[in-house]
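I opened the notebook today to follow charged side chains that pair with one another, and to note where each partner sits and how much of it is open to solvent.

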Amino acid sequence: MPVTASTRKLYDQLTWTWRPGSDKEAGDAIVKNLMLHWFPNKISKASLSWNYSMWLGTISFALFMILVFTGLILMFLYVPSVERAYTSVKDIEFVVSFGWLLRGMHRMAAHMMVAAVFLHMVRVFLTGAYKNGSAAGANRPLNWMIGLVLLLLTLLLSFTGYLLPWDQLAYWAITVGTNIARSAPLAGEAVRFFLLGGNTIDQNTLIRFYVLHVFFLPLLVLLLFSYHMWRVRKDGGLAVTDREALQQSPEKIAPVKSKTYSLLGITNGTTVHVQNTMVDEEKNTVASSPHLLRRIWLVTLLTFAATFVLTIIFRAPLEAPANPAVTPNPAKAPWYFLWLQEIVTITTVKIGSFTINGALIGGILLPAVLLALAVWWPYRDKSSLNSVGVWFAKERSTQNWIFLGICVLIIVFMIIGTFLRGPYWNFYWPWEAWPEMPVKF
């Protein structure tokens, strides 16, 4: 056999599952390709729509893969040492060919992933997709909780990467973040000690954050994501399919003369003149391969393009080397924790000589209450099956508006913390200049 023909045959054997030529091959592809096992043979057309899920879950995973690939390359160039971390990042930024692009895409993908996972959770809540539909053995509340854990892991993944450049921005952001964690009753000091590997931010902290960032947290995210996807299939697919099933009406079909009907039909109240009904699923479904795969590749490509363009527009900052003796004013937490820093400020109240600890209330208790409510809510929500998989279902309007109100408050607090808080965390309008403060040594 000529080399070109044998090469062509080998190529076809390796790739046919990604471009099946018939319905039979499309079904076989799901069975024989390990990666395609995540997907069912057929998928409903409603699940492929752009305006239901907005593909935020796929976008989140695409961003995670960008983080993995760029992070693997950065591991060859970065040195997790207090003495050399900053200079190695500086080399990546200014010496290594396209190092600035590599570091910038890693940083931008991390920020985008925090936003995408948060918006994905918002979408799931607003469509009631954490509720069980008609599928047997479904447990969507469990998958909702796995999603909450994935959101927390995403925040931790970004938080642990924040320190690695070892510049002033990273050092003091981690200082503020870990001081908030210290406010937790009973376990606060222990949590801060665990995160820092001691009482101060030093080499132990850098190594600890590095190992968590490059190994343990990505591994946990990957394992939980795999289980999350498996549960989506066990739960009957996206919640929009439950809505679609309710809208379908069974069609009567004539019994097949050659078929032998069992006694079960008679015991169910029918006679030998069996009345068959069925739902025509063929007109509402398409083969996962290639229809679902094409959408996933397109979403992945667009996500990569958006990350690339945003990286060029917003270059990754690198401030002066970390200096524990120089305190910036104001010192801010990472942007996704600024809403907590803002609530800490609001809930810190002085009454005479007595001060109510805002760090405990705003930094620990309030987020804990919100998390507990998120875990409990799927069991509290008693809305009907008609509201599952529907954007802003009328019977869920009250809880949706309350949820949206909480989300808007979080975003507003983030904006205030990012743009309107100046020296000593005082409030300044955008048109007001911040006073020049002496550097505190």
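Entry 1. I began with Lys-24 and Asp-28, which lie 4 residues apart in helix H2 (residues 23-32) and are therefore separated by about one helical turn. In this predicted model, I found that the two side chains form a salt bridge, with the closest N and O atoms 3.0 Å apart. I then looked up the accessibility of each partner: Lys-24 has 60% relative accessibility and counts as exposed, whereas Asp-28, at 22%, counts as partly exposed. I noted that Asp-28 misses the buried class because that class requires a relative accessible area under 20%.

Entry 2. I searched the whole structure for such pairs and recorded 9 salt bridges. Among the residues involved, I noted that Arg-8, Asp-12 and Arg-19 are linked in a network of salt bridges.

Entry 3. I turned to Arg-103 and Glu-93, whose salt bridge brings the closest N and O atoms to 2.6 Å. This pair links distant parts of the chain, since Arg-103 belongs to helix H6 (residues 99-126) and Glu-93 to helix H5 (residues 85-94), with their positions 10 residues apart in the numbering. Buried or exposed, I asked, is Arg-103? At 9% relative accessibility, Arg-103 counts as buried, and I entered Glu-93 as buried too, at 7%.

Entry 4. I stayed with Glu-93 and asked which residues it contacts once its neighbours within four places in sequence are left aside. I listed Trp-100, Arg-103, Arg-315 and Ala-316. For Arg-315, I could add that its side chain makes a polar contact with the side chain of Glu-93, at 3.4 Å. My record for Glu-93 thus holds a salt bridge to Arg-103 and a polar contact to Arg-315, for a residue in helix H5 with a relative accessible area of 7%.

Entry 5. I closed with Arg-396 and Asp-381, whose side chains meet in a salt bridge at 3.0 Å, taken from N to O. Where do these partners lie, I asked, relative to helices H15 and H16? Both Arg-396 and Asp-381 lie in the loop between helix H15 (358-380) and helix H16 (397-420), so the pair ties together parts that are 15 residues apart in sequence. I looked up their accessibility as well, and found Arg-396 buried with a relative accessible area of 0%, while Asp-381, at 5% relative accessibility, also counts as buried.

Conventions: Residues are numbered from 1 along each chain as its sequence is written. This is a predicted model: local features need pLDDT of at least 70, side-chain atom pairs count only at pLDDT 80 or more; totals for chains, interfaces and linings use all residues. Side-chain values use heavy atoms; hydrogens and water are left out. A salt bridge is a side-chain nitrogen of Lys or Arg within 4 Å of a carboxyl oxygen of Asp or Glu. Helices (H or I, at least four residues) and strands (E, at least two) are DSSP runs, numbered from the N terminus. Buried means under 20% relative accessible area, exposed over 50%, partly exposed in between (1.4 Å probe, protein chains only). A polar contact is a pair of N or O atoms within 3.5 Å; within protein, one must be able to donate a hydrogen and the other to accept it, and residues adjacent in sequence count only if both atoms are side-chain atoms. Contact means heavy atoms within 4.5 Å.
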